[in-house]
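Here is a friendly walk through some charged pairs, some backbone details and one chain as a whole. Have the structure open and follow along.

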Amino acid sequence: MELVQGTLDVLVLKALQWGPCHGYAVSRWIKATTRDVLSVEEGALYPALHRLQRKGLVESEWGVSENNRRAKFYQLTPRGRRALEAEAATWSEYARAVEQVLGATGPEGR
Amino acid sequence: MELPRGFRRAVPPGLGRYGDGVDDEIRFHIESRAAELVAEGMSEEDARLRAQAEFGDRERAARAVRRESKRGGGAMAVVRWMTEGGRDAALAVRQLRRNPGFALAALATLALGIGGTTAVFSVVDGVLIRPLPYPDESRVARIWPVAAGAEGGRRAWSVPDLEDWRARSRSLSALGIYTTSLGGLVVPGGGVPEEVPTAYVTAGFFEALGTPAALGRTLPPEAEEADPRVVVLSHGYWTRRFGSDEAVVGRALDTEDGAYVIAGVMPPGFAFPEEETELWTFLSNVAQESVPWRLRQVRVFDGVGRIRPDTDPATAVVELTGVARALATDLPDTNAGITSVELRPIREALVGDVRLPLLLIAGAVGLTLLIACVNVANLLLARGTARGREFALRAALGAGRGRMARQLLAESLLLGVVGGGLGIVLGTAMVHTLVRVAGDLLPRTSAVAIDGRVLAFAVLLSLFTGLLFGLLPASHLTRTGAPGPASGARDAAAGSESGRLRDALVFAEITLAVVLLVGGGLLMRSFAQLRSVDPGFDTEGLLVAEMIVSDARHESGEDYLSFRDRLLEALEALPGVTAASTAKEFPTRGMGEVWTWAVPGDPPALPGEERRAHALHVHRDFFRVMGIPLVRGVPPGDAPERSLVVNERLARDAFGSAEAAVGSTLDVGGAAGVPIRAVVGDVRHADPASPAPPMIYVDDRVNTRRVFAFVVRTSGDPLTLVAPFRQALVGLDPLQPVRSIYTARSAYADAVAQPRFFALLMTLFATGSAVLAALGIYGVIAYSVRRRTREIGVRIALGADAGQVRRMVVAAALRPVVPGVLLGLAGAGALSSLLSSLLFEVRRLDPLTYAAVAMVVMAVAALASWAPAREATRVDPQVALRAE
């Protein structure tokens with residue numbers, strides 16, 4: 001499935017919750033966790049990462065990957081953690097509200 | 001430049017470098033995916049292709065990341081801007097060092113242009129713009145009573161008139177009169193006594209100007225009542241004579257007339273009425289026997305006043321006119337006819353005459369700077385086109401157009417700043433030279449200096465110039481830098497567009513140069529006309545020495561004459577001297593006294609409308625020594641003559657011709673029926689552009705003054721007579737000072753010095769810009785010949801001869817020149833109306849000047865293209881065809 005606009009950022013933040021990752025790892029994790037339902041358009045991933053960095057929600061550092069190659073690692077900043085919590089809460093509310101609407105059985109309350 | 005770890009922790013997130021290495025990131029991503037696919041069993045080749053396909057458009061992703069990193073504001077942008085700016089600057093410096101010839105040419109051009117502009121700005125600032133040292137200067141004005149009628153015009157002041165005006169006027173808070181023509185205080189100076197330029201002033205003078213003293217006080221009215229024998233020093237005199245001693249107030253200044261108490265010292269920059277004035281003292285110190293200034297008719301003073309704060313100048317003029325009229329009615333014998341007033345704000349009075357020429361010079365130097373900019377822009381374009389490949393490559397690697405343009409601009413800004421620095425040094429030297437040369441010609445040169453204002457101007461000018469000549473090449477070159485291999489054909493195509501641009505710049509240069517050359521040419525012709533005016537006497541081999549015979553040791557008119565005669569005898573005995581004589585003043589420096597005259601029997605003129613002439617007291621040999629021709633009548637004899645000599649102008653005005661004048665009589669200076677003995681040729685006075693004024697020459701044995709200008713005719717160089725003259729004088733009276741001593745030639749040259757100065761300056765800039773334009777043409781043509789080497793080689797191989805090739809090159813060179821010349825001539829014609837008030841006997845559309853300029857410019861352009869044209873014919877076709 002294509003990502004709804006704006007969800008990429010919160011997914012990336014979540015992907016980084018447990019520690020620094022490089023960009024490829026983030027994309028793999030999202031695919032794995034959603035059991036391939038959501039696919040990240042790779043071309044949008046890196047702009048998103050840099051955007052989050054500009055906003056001060058993540059910071060980056062060059063490091064060495066598991067197979068000894070140079071890669072850029074991203075990790076959450078304290079601000080990023082707070083933003084992730086807020087975003088996650090908002091999403092849950094949003095999802096609940098949409099579910100309620102879609103689960104309605106009759107036209108009452110119109 | 002990787003920011004250190006600690007720095008990154010300290011700095012808020014979001015700051016710091018990113019956007020770099022995105023290519024590495026993407027590569028790592030794709031390789032990781034490929035590795036995964038290989039682990040699942042795919043071949044390396046297939047895995048790589050698949051991973052790339054999955055990723056999608058790398059370029060777009062990379063660009064998106066870069067766009068992201070460009071957004072963002074505040075401190076982050078500044079850091080990025082600084083690091084990139086630093087890199088641009090370093091790159092620019094490297095580029096310039098790799099092309100020293102180009103850098104040198106550009107820097108030299110810029111240094112001259114910016115230096116000249118800075119120097120002229122400094123002069124214009126000091127003379128025209130800087131505030132005068134008088135508080136609230138718009139209220140200070142020179143004031144003249146004005147007489148109506150045919151011989152009307154400004155009149156001078158007298159002390160009784162001053163007192164009446166002061167009492168009656170309501171719009172002036174202060175009014176004072178002054179003079180500098182009474183001879184200065186004579187200060188014994190350990191050896192030779194020195195006559196110090198002194199201004200004699202009345203109360204009200206310093207109040208009108210308003211400048212407070214730097215030390216002590218000025219000359220307020222109370223001081224005059226207490227004890228008028230006080231003196232105020234100029235700042236320069238205080239520095240020179242008293243070594244800036246702060247305890248000078250209250251000390252005595254010894255003069256020939258006795259001791260004066262020093263009341264105060266004026267601040268630097270205060271120079272009224274003249275730059276040379278070094279002492280101010282009360283007029284009441286001048287004895288009545290010397291100058292009967294208590295008489296109302298002794299009108300020899302100038303006036304300055306201050307308008308009340310609550311009045312505006314127009315109202316003041318109206319009110320003062322009323323005062324004049326009232327006085328004319330109340331005092332018909334002395335003031336009739338003086339019925340109005342002229343008020344000229346002090347700034348206008350001081351600098352009004354030089355404003356136009358100075359502004360024209362400023363315009364000229366601005367145009368020269370423009371030409372310099374055009375030259376450098378052309379240089380940059382030429383070099384930039386050679387770097388076409390470099391730009392194409394960088395564009396292919398993803399450099400944005402703005403980025404490349406910014407780097408080019410960095411180069412031109414660097415050129416501008418370094419050129420500007422050199423220009424400031426050059427400009428400082430130019431200013432010093434200008435002030436030394438033009439010190440007497442321009443008012444307020446003491447205010448001209450290279451200071452903070454001028455430096456700030458120079459810096460801004462350098463930056464602006466850098467932007468100006470850099471913008472065009474930067475925008476043009478980066479536009480044509482498209483990705484792809486640079487081919488010779490593409491280069492040629494880009495070259496022709498660059499070529500048109502270069503042609504346009506040459507066209508602009510030529511136009512500006514022609515305008516300047518026409519201006520310079522007109523002024524030079526005008527100056528030449530001025531110089532060719534016959535002064536009316538022989539200026540060669542004549543020494544002039546002015547002195548006021550001290551009345552300390554001589555008492556009567558006979559004493560003065562006997563002193564004069566003894567000195568003349570001593571002078572004529574000097575080797576090399578052919579003759580010597582005296583007059584009260586020397587014609588180009590002084591006008592003599594102003595007397596009224598009338599033809600006996602004519603109806604009496606209305607008061608205030610009497611006819612006026614200049615009266616000069618002369619020794620009997622004066623005309624002979626000066627070389628003033630005797631037109632009619634008899635030369636003076638040995639006995640004192642009561643009769644008059646007049647000049648041709650007066651003879652014509654009074655009697656219609658010289659013949660009619662001789663033997664007739666004039667009522668003059670209070671005496672009736674004085675016979676006219678002879679008529680002599682006209683002599684020009686201070687301004688050769690004005691016609692000779694009417695003159696009456698009086699035998700000084702009959703009417704004696706103690707002011708003498710000795711004129712000494714020599715067969716050799718008059719300057720060699722200076723020391724012998726002084727010696728002869730010392731032999732007669734060691735305490736007699738000489739006011740000034742100079743050659744007649746330099747005095748007459750001084751009269752035309754101002755027009756000469758401006759004409760020379762204008763011509764200097766015009767020539768400079770012509771040279772620049774010629775260099776520009778040469779550079780452009782040489783460059784385009786080199787680029788067309790292949791084409792020329794082909795032509796020669798196909799049978800074209802040297803002459804054809806040369807003609808082709810020269811024709812290409814002249815293509816922008818001819819329209820440039822035409823437009824320049826038209827522009828010069830349009831602008832020449834600005835010049836017309838400065839031209840003497842030269843039409844502003846003088847065909848000779850315009851034609852000469854056109855021919856000179858065309859010739860120079862042809863010459864500048866000749867060398868490259870000759871080069872072109874030497875092209876070896878084989879080499880050319882192989883060349884790229």
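Let us begin with Asp330(B) and Arg168(B), whose side chains meet in a salt bridge with an N to O distance of 2.8 Å. This pair links distant parts of the chain: Asp330(B) belongs to helix 11 (residues 313–330) of chain B and Arg168(B) to helix 7 (residues 159–168), 162 residues apart. Asp330(B) is partly exposed at 46% relative accessibility, and Arg168(B) is also partly exposed, with a relative accessible area of 31%. Please keep in mind that this is a predicted model.

Where in chain B do Asp700(B) and Arg564(B) sit? Asp700(B) lies in the loop between strand 22 (695–699) and strand 23 (707–714), while Arg564(B) is in helix 18 (residues 557–572), 136 residues apart. The two form a salt bridge, with their closest N and O atoms 2.7 Å apart. Are the partners buried or exposed? Asp700(B) counts as buried because its relative accessible area is 3%, under the 20% cut-off. Arg564(B) is buried as well, with a relative accessible area of 1%.

Charged side chains also meet across the two chains. Arg28(A), Arg33(B), Glu36(B), Arg50(B) and Glu54(B) are joined into one network by salt bridges that share partners.

A further pair is Arg142(B) with Asp302(B), a salt bridge of 3.5 Å from N to O. Here too distant parts of the chain are linked: Arg142(B) is in strand 1 (residues 140–147) of chain B and Asp302(B) in strand 12 (residues 302–307), 160 residues apart. Arg142(B) is buried, at 15% relative accessible area, whereas Asp302(B) is partly exposed, at 29%. Over all chains, the count of salt bridges comes to 40.

The three pairs described above can be set side by side:

| Salt bridge | N to O distance | Separation in sequence |
|---|---|---|
| Asp330(B) and Arg168(B) | 2.8 Å | 162 residues |
| Asp700(B) and Arg564(B) | 2.7 Å | 136 residues |
| Arg142(B) and Asp302(B) | 3.5 Å | 160 residues |

Now for the backbone. Most residues other than glycine have a negative phi, and most peptide bonds are trans. The peptide bond from Phe272(B) to Pro273(B) is cis, with omega near 0°. Pro273(B) is found in the loop between strand 10 (258–265) and strand 11 (279–282) of chain B.

Asp136(B) is not a glycine, yet has a positive phi of about 55°. Asp136(B) lies in the loop between helix 6 (100–129) and strand 1 of chain B and is partly exposed, at 47% relative accessibility. Glu841(B), again not a glycine, has a positive phi of about 55°. The loop between helix 27 (817–831) and helix 28 (847–873) of chain B holds Glu841(B), which counts as exposed at 61% relative accessibility.

Finally, let us look at chain A. Its four helices and three strands run α-β-α-α-β-β-α from the N terminus on. The C-alpha trace spans about 60 × 30 × 20 Å along its principal axes. Chain A has a radius of gyration of 17 Å, where a compact globule of 110 residues would have one near 13 Å. Of the 110 residues, 38% count as buried. About 6700 Å² of chain A is exposed, with carbon and sulfur atoms supplying 54% of that area. Chain A carries 15 positive and 13 negative side chains, and the centres of the two sets lie 5 Å apart.

Note on methods:
Residues are numbered from 1 along each chain as its sequence is written. Chains are lettered from A and ligands numbered from 1 in the order in which they are written. This is a predicted model: local features need pLDDT of at least 70, side-chain atom pairs count only at pLDDT 80 or more; totals for chains, interfaces and linings use all residues. Side-chain values use heavy atoms; hydrogens and water are left out. Helices (H or I, at least four residues) and strands (E, at least two) are DSSP runs, numbered from the N terminus. The radius of gyration is taken over C-alpha atoms; the globule rule is 2.2 Å times the number of residues to the power 0.38. Buried means under 20% relative accessible area, exposed over 50%, partly exposed in between (1.4 Å probe, protein chains only). Accessible areas come from the Shrake-Rupley method with a 1.4 Å probe; for residues, only the protein chains shown count as cover. Lys and Arg count as positive and Asp and Glu as negative; His and the chain ends are not counted. The place of a charge is taken as NZ of Lys, CZ of Arg, CG of Asp or CD of Glu. A salt bridge is a side-chain nitrogen of Lys or Arg within 4 Å of a carboxyl oxygen of Asp or Glu.
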